[in-house]
Amino acid sequence: MSDSHEQLLKQYLSEKAKASNTADLEGLRVKYLGKKGEVTELLKGLGKLSIEERKTVGAAINDLKNQIQSSLEESMRELALKEQEARLNAEKPDHSLPGTWPTAGSLHPVVQVAKEVADIFLSMGFFMAEGPEIEDEYYNFEALNVPSHHPARDMQDTFYLESGQVLRTQTSPVQIRTMEALQPPLKMIGLGKVFRKDSDITHSPMFNQMEGLVVGENISMADLKGTLAMFVENMFGKRPFRFRPSFFPFTEPSAEMDIQCIFCEGKGCKVCKGTGWMEVLGCGMVNPKVFEAVKYDTEKYTGFAFGMGIDRIAMLRYGINDIRLLFSSDVRFLRQF
Amino acid sequence: MKVLLSWLKDYIDINETPERIADALNMSGLEVEEIIQPGKNLNNVVVGKILSRDPHPDAEKLSLCSVDVNRGQPLQIVCGANNMKAGDKVPVALIGARLPSGFEISKAKIRGIESSGMMCSKKELGISEEHGGLYILDESAEIGQNIVNALNLDDVIFEISITPNRGDALSHLGIARELSAIFNLPLHRDPLGDEDGEGHVAEQVAVEIQDKDLCPRYGARLIHDIKVGPSPDWLKERLEKAGIRSINNVVDVTNYIMLDIGHPMHAFDYAKLAGKKIVVRPAGKDEKIATLDNAERSLDSSMLVIADAEKPVAVAGVMGGLHSSVTDSTTSVLLEAAFFDPTSVRKTSKRLALMSDSSYRFERGTNIDNVPIALNEAARLLKQIAGGRPVKGIADAYPKPEVLRQIKVRTRRVNRVIGINLNPVQIETLLLRLKLDTRRDGEDLIVSVPPYRHDLAIEADIIEEVARMYGYNNIPTTLPAITSVLQLPTPLQKMEKRLRDHFVSCGFNEIMTYSFIPAAIDECFREKKPLMLQNPLSEDLSAMRTSLKWGMFDALKRNILNDEFNLRLFEIGKAFHPAAGGLSEEHSRLCIGFSGSADPKDWRRSAEAFDLFCVKGLIQNIADLLKVKVRYAPGSCSVFHPAMQMELMVGKTPAGEFGQLHPNLLDNKKMPKCIFIAEIDLDKFAAAIEDAGRMKPIPELPAVRRDLALLAPVTVAHRDILKILTTEGKQLLEDCYLFDVYQGKGIPENCRSLAFALSFRDPKKTLTDEEIQPMIGRMVSRLDSELAVKLR
C-alpha cells in the first residue's frame, strides 16, 4: 500500500472514530466510496497507469476499498443496534406503576386448612364423605352409643329443631351414614359444619370438624397411632406427639392426641398454658356398640375413628385470637389469607 | 373437681412433685387443668392481733387499727373493713408483701394517716371467692406466724376435669385409687367409723323402698344430741380448698364424705320427719316440694322422692327439702346414704332444671357398697365434732344385693385391638393394679368389676384399661394394612372445588356465615317458612336459613359500614327447607355478592361500577366453565329491584336468580345503590353438567367477516334482532355477537345503535361476496319490516 493510500485510510479511520450515528457513517460512505468518493476517484485514475502498474495499484486500491467498506458495514451494524436500543429504551414507562390485572381473591382460612388436612388423608387412600347438618338424634347420638339421659350428652350442648331433629354436634354421624351404605374395608374422612350451644372468643355456635374412620380386619390401636402420627408430621412438621386416654362414647379405648406446642417448641407458653403440649384431635378404637348399630360383624372387624376442630387448627396456624372473626365476613380479615 | 394433695395423702404415700402427679393423671385420662398452690405467692403475710380499733379522724368509713405482728412496735394500719374488733386475729400483709392479685404492699398515707401494712380478706389471700370483710382467724393462731403455716396453705390443689364415664374418680379416694394404680403404690385407710351406738335404729326409724329399680339401696343412720354450729378449722379448710362453702358442722360432714369417698349424702332434721318413716317412692301426680334452694318445685310421677309418712322431704339424689333441712335448732339428724339409678336422677334433674353436686355424682354412678361406709364415717365425725350420740345400726334397705359384674376378656382380642403382644399373666398384672380381680379361663380372663366402675361393661372397656395401664405411648405405630373401597368425589364435590378456585382467581373473597340467622329478617329474604330452633342462643341465631341471600346481604352491609365499598364475596353452603313429616331438606347453594367497582385498582381505566351485565356475564362464565346450559328468564324475587333481575333456568327448572338489591333494602346512607347478589342452586347445576362431546375439526377454509351497525328503537330487544340474524344466516353464519351499544349524541331519541360482528364460513368452499351479500340483504329487510331496525 502506498503512502497516499495509507494516508487516506488513516484519514478515514480518524473520521470514522468521530462518527456517532448511522447518518455520519452514511456521509463517510459517500465521501470515500460514493460516485465521486475519494477511493472511487483513485480507481478512476487507474486508467492513466500502465497495465503492470494497474495490476498492483488496482489491487492495492481495491484492498483499500474493501477495508473501508467492511469497516463501514461493521460500524453501521453496531451503531444501528445502539440506535435501536436507544430508541427502545426511550419507550420505557414508569416500571414502578402497579400491575392492572384484577387482584386475586381468597379462600376462607378454614377452607384452606380443611383442604390441607383432607389432602393428607386423601393421599393416604381415604375418601371424602358428607352428611346433612340437620340430623336425626339417632345418627347424632344413639347410633354413636350416646343414649338419651346419658351424662355424655352434657359434653355437647345441643341445638334442637322444633321437629325434634338436632343440628349435628359433631361430624361423627357421617361415620354412621357411611357404614350403613358401604361394607369394609374402608377409610373415610368427613368434613363439615357442626353446632354447639356455646359462644365466646374460643367457642362459636357453629364450627367445622374433620372426621375420620378406618374399618377393616385387624385394624389396631397401633394403626391408629401410625396413621395419625403420619398426619401430624405432614401437617405440623416432625415433632414429638403423645396419646392421652380420654372418653368418647363411640370409641373404646379413647384417646386425645397432643403435639409439642408449635409456638414454644415444648418450653411452655401462654398458648399451651405452660404445658408444652397442644391438643390436636380426639380418637379411639370404634366401640363395638357402634358397629352393632350399623350391623357390622364386631368379631370380624375392628376400626378406629378420629375427629378434629378445623377452626382451632386454623386459629393456631394463623394466630387468630377470636374464633368469631372466622364468621364475621370482614374483608379486612379475609383478604389476609 | 378440686383435689387436695394433703387429702390424697390420707390414702396414699406419694412423694412425687405436683407436676409429676399432674402429668401422670393426664396420661391416665384424668385431665389436670390447673395446679393451684395457694401458699406459693404469700410471703410476708403473717398473723396479727388487733390491739385497738378507732375511727379514722377524717374518714367515716375507715378505721385506724393498732396491730401486733410480733415484730417490735405494733403497726398502725388504716382499714376499710367493718367486721373486726380489738382482740381479733387477722392475716396482715406486711410492707413489701405481694398478694396473689399482684398488688404490692407499700407504706402509704390514707386520708392523711400513715398505714404500714394491710389486713386481708380470704379473697385477698386468694383462698376463696368470698367477700365479706377481713378473714378473722381462729383464736389459737400464733401472732407473727407466717400465714402459709398458720392456715396450712402449703398445699397443692389439682383442678381435674373428669370425663362423664369416670364417676368413680369424683372423690379423693377415686383419684388416690388411680394414683395407686399408676405409681403402683399401696392404697390404705380403712373406714374408721362403725355401727356402734346407743339403742337401735330399727326402733326409731323405718325405711321402705317402693321402687327397687330406681333405688336399689337406701341406708339411714340416726344421731341424737347434736349441737349444730360451725365446723372445726381443719374441716372448713379442706372444704374451702376444695371449693365448697362451709355451712354448719352437719352439712359440712355430708359434703366432706362426698368429697372424700364420692358418696353424696343428705341430713334430715329427724324431728321434722312425720311418722319417723322414710319411704322411697315415685312422686304423686301433683305433689310439690320446696327445695333447699328455696324454690317450690312441681313434681311428677316420673320422679323419685324420699318421703316421710306424709309428704316428700327430698327429691331423690338431687336435692333435699327445705322443711326437713338441718337448722341451728336441730338436735337429731337422720343421715341418708343411698344408691339411685343414674338415668332416673339425670331425668329428674333435667326436668327440674336443678343440678347439684349430688345429682352430678349419682348420674355418673356411685358405689353401692359405700352406703354403710359413708353413714358410719359421717356418724363418727358428727360424734367427734358436733357432740352427737349415734344410734346403733343402720336402717339399710337393700332388697337385692348387687352381684359383681363379670366380663370375659380374650387375650387374642386384647392384642388384636391394641396391636401388642401380651400374655394372660401380663394382662392380669396390669388389671390388678386397678383393683380388677381376674380369674383365668384357659388363655382368657374373667374380670370382676368393682361396684364403683360403672364404665366397665363390655370387653372393649377392659381392653381400654389394659391399654391405659400398658401406656398408650408404649403402643407401637403401624399403618393399616387395608385398601379402602373406592369412593370418587361426587359431581357436587368436584363442582364446589372448581367454583372455589375459580372465584378466588376472579378476585372473590370466600365468606362463611352461620347456618342460623335472625328470626326477624325482612320477609323478602325468605323462600319458605324457616325451620326454627327450639333452644337458640338468641333470637338472632334462631331460624335456619332458607337461602344464602340474607347472609350475603348482611356481610356486604357490614363491610360497607366499615368503609369497604368494593366487594366481591362468595359463599358455598346449605339452605334448609322444611320437608314432609316435619323434617328438613338441605340444598347446596352458591351465593355471590358484589358492590362497588369491578376493578378499583386499575389506574388506567376509570373504575366502572358493577352492573347487571357484569353479574350476568359471571353467571354465564361459570355455566360455561361447568358445562351447564343456562337460560335467562324474567325474575320476580322481592329481594331485587323489579326491573334489574333475572331468573336462571336449567332446562325447564329455575336454578337461581340474580339482581340488584331492591332500593327499599338500602337502609343505610353509606350503602351504594348498585349492590348485586346472585344465588345458584348447585344441586340443579350438578345434575345438568354436560359432557364436552366430540372434538369438531379445525376449519381449513377462511371465514368472511361482516360488521352490521344497526339503528333500533329502544323497545326492540337484542334477543329479537339476534334471532333474525341467526335464522337468516342459516348454517353459514358461524358466529354472531354484539360488540357495541351506543345511545346519545348523533342517535335519534328513543333509539340506540347496536353493532354486530358476523362471521360466515362454509367448510367446503371459500365464500364469495356474491353468496353473502344477498343473505345480509334479507337480514336487513326483515329487520326493517319486522322490527323497524335500520342499517346505520
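This short presentation describes selected features of chains A and B in a predicted model.

Good morning. I will begin with the overall form of chain A, then turn to its sheet and one of its residues, and finish with two regions of chain B.

Chain A has 11 helices and 9 strands in its secondary structure. Its radius of gyration is 42 Å, whereas a compact globule of 337 residues would have one near 20 Å. The C-alpha trace gives a corresponding picture in three dimensions: along the principal axes of chain A, it spans about 130 × 45 × 45 Å. Of the 337 residues in this chain, 53% are buried. The accessible surface comes to about 15,400 Å², and carbon and sulfur atoms account for 52% of that area. As for contacts, if we take those between residues at least 6 apart in sequence, 65% of them join residues at least 24 apart.

Let me move to the sheet of chain A. Seven strands form an open sheet, and their order is E1-E4-E5-E9-E8-E7-E6, with mixed pairing. At the edges lie strand E1, residues 127–129, and strand E6, residues 241–248, each of which pairs on one side only. From one strand to the next, the twist averages 25 degrees.

Within this sheet, I would draw your attention to E4 and E5 of chain A. Strand E4 covers residues 186–195 and strand E5 covers residues 206–217; the two run antiparallel and are joined by 10 bridges. Phe195(A) stands opposite Met206(A), which belongs to E5(A).

A helix also lies across part of the sheet. This is H8 of chain A, residues 221–236, and the strands it crosses are E6, E7 (251–260), E8 (277–286) and E9 (301–309). Relative to E8(A), helix H8 runs at about 150 degrees.

Now to a single position, Ser75(A), which is found in helix H4 of chain A, residues 51–89. Is Ser75(A) buried or exposed? Its relative accessibility is 10%, and because buried means under 20%, Ser75(A) counts as buried. Which residues does Ser75(A) contact, leaving aside its neighbours within four places in sequence? They are Lys16(A) and Leu25(A). To relate this position to the sheet, consider Gly212(A): Ser75(A) and Gly212(A) are 137 residues apart along the chain, and their C-alpha atoms are separated by 75 Å.

I turn next to chain B, starting with three strands. Strand E17(B), residues 304–307, and strand E18(B), residues 312–315, run antiparallel and are joined by 3 bridges. A hairpin of 4 residues connects E17(B) to E18(B), and Val305(B) stands opposite Val315(B) in E18(B). On to the next strand: E18(B) is joined by 2 bridges to E19(B), residues 319–320, again in an antiparallel arrangement. Here Ala314(B) has Gly320(B) of E19(B) as its bridge partner. The hairpin formed by E18(B) and E19(B) has 3 residues between the strands, and Gly317(B) in the turn has a positive phi of about 75 degrees.

My last topic is a helix pair in chain B. The axes of helix H18(B), residues 718–729, and helix H19(B), residues 769–787, come within 9 Å and cross at roughly 145 degrees. Their crossing is right-handed. Residues making the contact include Ile721(B), Ile724(B) and Leu725(B) of H18(B), together with Met775(B), Met779(B) and Leu783(B) of H19(B). Charged side chains take part as well, among them Asp720(B) and Glu728(B) of H18(B) and Arg778(B), Arg782(B) and Glu786(B) of H19(B).

Thank you for your attention.

How values were computed:
Residues numbered from 1 in each chain as written. Chains lettered and ligands numbered in written order. Predicted model: local features only at pLDDT ≥ 70, side-chain atom pairs only at ≥ 80, totals over all residues. Heavy atoms only, no water. Pairing = 2+ DSSP bridges. Axes fitted to C-alpha atoms, helices over the stretch in contact; angles between N-to-C directions. Contact = heavy atoms within 4.5 Å. Rg over C-alpha atoms; globule rule 2.2 N^0.38 Å. Buried < 20%, exposed > 50% of the residue type's maximum accessible area, 1.4 Å probe, protein only. Areas by Shrake-Rupley, 256 points an atom, 1.4 Å probe, with all protein chains shown as cover. Left-handed = near helix turned anticlockwise from the far one by under 90°.
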